[in-house]
Amino acid sequence: MPKCSQCDRPALYAIGGQQIPLCLQCGAIHQSVVDRQLAALERQVETALDDMEMVSGMKLPGRRRPSPPVILPGATFHNINIKNSNVGVVNTGELHQVDTAVSVIGNQGEPQLAGALKALTEAVVASTAMDAAARQETIELLSALGSEATVQKAQRRAGVARPLLGRLRELLSVAADLSSVAQVAVPIIAAAFGAQ
Ligand SMILES: [Zn+2]
């Protein structure tokens, strides 16, 4: 039986044109990301139709389905430890991206960098000093930096990473409960891009 491309479990699905093997758990996460993208697309279409009605003054018939609720499944991560009570405070898709980056970076022989990404992400999700918007933005930054760091060091784009690192430091600096983990983790992440 083929193995999941994301973890050690047996693969049950083959995803996309490239037939990427995924296990039941990773497949469920993938499906939840796809569902959320479709829901967002549906909301965009509804908004566009609203605009057309407003401009034309004509009521368009035969639509207006209420958006389906966005269901967050029991998110399973291979590296990042998220308390159940914290699942749903940030976009699970972004967290999954960080989680995948932590796996790849760890497998590529940079455990310190993988550990820094993991520790900082866990601390941000659990932070009580950060408001929801700042938390979501910080996780987005970590997921972008994590993805950038999954290639070999020589191929990493310092020019892409630098502004992300700057904004990351800014967001972390106002959350008192993150200062000690940030002090250790941020320089490690910055060094991965040859930055300070
Ligand atoms: Zn898997």
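Two residues are in contact if their C-beta atoms, placed from the backbone, lie within 7 Å. This report applies that criterion to a predicted model.

The chain contains 6 helices and 2 strands, and its elements follow the order β-β-α-α-α-α-α-α from the N terminus. Of its 196 residues, 28% count as buried. Among contacts with a separation of 6 or more, 53% join residues 24 or more positions apart.

Helix H4 covers residues 132-148. Because each residue should add 1.5 Å, the 17 residues of H4 are expected to span 24 Å, and this agrees with the 24 Å between its end C-alpha atoms. The buried residues of H4 include Arg-135, Thr-138, Ile-139, Leu-141 and Leu-142; Ser-143, Leu-145 and Gly-146 are also among them. These buried residues pack against four helices, listed below.

| Helix packed against by buried residues of H4 | Residues |
|---|---|
| H2 | 92-107 |
| H3 | 111-126 |
| H5 | 158-173 |
| H6 | 179-191 |

The largest nonpolar core comprises 32 residues, and those with the most contacts inside it are Ile-105, Leu-113, Leu-117, Leu-120, Leu-142 and Ile-189. At least two residues of this core come from each of H2, H3, H4, H5 and H6. H3 supplies the largest share, 7 residues.

Leu-142 of H4 is buried. Leaving aside neighbours within four places in sequence, Leu-142 is in contact with Val-98, Leu-117, Leu-120 and Thr-121. Apart from the largest core lies another core, of 6 residues, including Cys-4, Leu-22, Cys-26 and Ile-29.

Note on methods
Residues numbered from 1 in each chain as written. Predicted model: local features only at pLDDT ≥ 70, side-chain atom pairs only at ≥ 80, totals over all residues. Buried ≥ 20, exposed ≤ 12 C-beta atoms within 10 Å, placed from the backbone. Expected span 1.5 Å × (residues − 1). Core = buried A, V, L, I, M, F, W, Y, C linked by C-beta atoms within 7 Å.
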